[in-house]
Amino acid sequence: MPDTITKLAYQTFQQSKSYFGLAHKIFSTQVLNFMAPPPEKRTISLAPELLLKIQQRFNQILDADWQDAEKGVYPESILFDNPWGDFFRFYPAVWLDMPRIWERANQKRYQEFSSEVETSGYPSYYVQNFHHQTDGYLSDMSANLYDLQVELLFNGAADAMRRRILAPLKEGLQAFSSVEPRQIKILDIASGTGRTLRMLRGMLPKASLYGVDLSPAYLRKANQLLSQTPGELPQLIQANGEELPYLENYFHAVTCVFLFHELPPQARQNVIDQAFRVVKPGGTFVICDSVQVSDSPDLALIMEGFSDTFHEPYYRHYMNDDLVARLHSAGFTEVSTQVHFMSKYLVAHKPTESSQDQTAQNPEQQVIPLGV
């Protein structure tokens, strides 16, 4: 009975977030269209069958999320972890910021930053108003609004999408079962506000966690969020994922969530190469990002509109990029893929020395698709 009640509470919690996110999008779009009609109509008409399939995907990811908690992959408490303080404090700011976002989108101003924001020293591809977001990723206000904005975008499923990395990560760590829990080291590339690290801490309370991000504002937000969680505080460093400041073979696992679609092709490969360099032989690299045409051709229309609607300048290349081939070219083996809701997951392993010798004799790699 307690599990039944908890499951019902979780389903109610998630459905409430879904309805709220949908209502927010509909109402805010109507208000903004009335106040400042865009010069050109940017609407995508979706067939009822496609909308039904998206809803089915949404229900499936919630089922998978609950089942992993029920199996003990991570505590059920993680399912209800929501930054309520930030919601009540910053949701009004989301509305106040919306006219500026709408204006930039309508006028196609994609690289506009406040005068107090320092933009020098960053890669040129990073100095963008991704999602038309005010100050891109380079201000404290942007960091304060980001998680809330992403939850609204995905109708409350953003955290459930992030949690899909936890099961394959935990499974991959079984290769180091002889290592003391406190000696396990995990790196999150592009850690942002620390949501993924917070989930990793909930699943692995004794592991040593590390995070890198280019934005000092987002790192400040991450420190604020992670300091509220019991256990050792993750070590956060301002760094580029293309040039990780760590020794070779240092981490037992590496994660990367919602980064690759915002990178140009060469930068994607550089991050993958760096992940291979710093993970130990036998270690696991888990990527979570947007679905691609190859695994979700029925969503191609949505993907094609996403790039312009949300100003994702590298997304059109990403949606057809062969990430499995990129992982193999870096040296990863046993690459598998999964798709949940609107996100895709790639799980890759760095071969041990013995398997490297075997691969040298038989260079063919096996790709195991795990389904949609």
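**Exercise 1. The cysteines C288 and C256**

Task: In this predicted model, decide whether C288 is buried or exposed, and find out which cysteine sulfur is nearest to that of C288.

Solution. Start with accessibility: C288 has a relative accessible area of 0%, so C288 counts as buried. Next, look for a sulfur partner. The nearest cysteine sulfur belongs to C256, 9.1 Å away. A disulfide would need the two sulfur atoms within 2.5 Å, and C288 is in no disulfide. Now turn to the partner candidate: C256 is in no disulfide either, and C256 is buried too, at 0% relative accessibility. Finally, widen the search to the whole structure, and the disulfide count is zero.

**Exercise 2. Strand 2 and its neighbours**

Task: Work out how many residues of strand 2 are buried, and which strands pair with strand 2.

Solution. Begin with the strand itself. Strand 2 covers residues 208-213, and six of its six residues are buried. Then sort the side chains by direction. In a regular strand, side chains alternate between the two faces of the sheet. Here S208, Y210 and V212 point one way, while L209, G211 and D213 point the other way.

Now step to one neighbour. Strand 1 (residues 185-189) pairs with strand 2 in the parallel sense over five bridges, and L187 stands opposite Y210. To travel from strand 1 to strand 2, follow helix 7 (residues 195-203); the three elements form a right-handed β-α-β unit.

The other neighbour to check is strand 3 (residues 235-238), which runs parallel to strand 2 and is joined to it by four bridges. V212 of strand 2 faces I237 across this pairing. Helix 8 (residues 216-226) lies in the connection, and strand 2, helix 8 and strand 3 make a right-handed β-α-β unit.

**Exercise 3. A threonine in a loop**

Task: Locate T134 and say which side chain makes a polar contact with the T134 side chain.

Solution. First, place the residue: T134 sits in the loop between helix 3 (84-107) and helix 4 (140-153). Second, check the accessibility; at 10% relative accessible area, T134 is buried. Third, look for polar partners: the side chain of R104 is in polar contact with that of T134, at 2.9 Å. Beyond four places in sequence, T134 also has contacts that include D97, R100, I101 and S142.

**Exercise 4. Confidence**

Task: Find the average pLDDT and where pLDDT falls below 50.

Solution. The protein averages a pLDDT of 91, with 93% of the residues at 70 or above. Then examine residues 364-372: their pLDDT is below 50, and this stretch has 21 contacts in the model beyond near neighbours in sequence.

Definitions and conventions: Residues are numbered from 1 along each chain as its sequence is written. This is a predicted model: local features need pLDDT of at least 70, side-chain atom pairs count only at pLDDT 80 or more; totals for chains, interfaces and linings use all residues. Side-chain values use heavy atoms; hydrogens and water are left out. pLDDT is the predictor's confidence in each residue, from 0 to 100. Contact means heavy atoms within 4.5 Å. Buried means under 20% relative accessible area, exposed over 50%, partly exposed in between (1.4 Å probe, protein chains only). Helices (H or I, at least four residues) and strands (E, at least two) are DSSP runs, numbered from the N terminus. Two strands pair if DSSP finds at least two bridges between them. A crossover is right-handed if, with the strands pointing away from the viewer, the path from the first strand over the helix to the second runs clockwise. A polar contact is a pair of N or O atoms within 3.5 Å; within protein, one must be able to donate a hydrogen and the other to accept it, and residues adjacent in sequence count only if both atoms are side-chain atoms.
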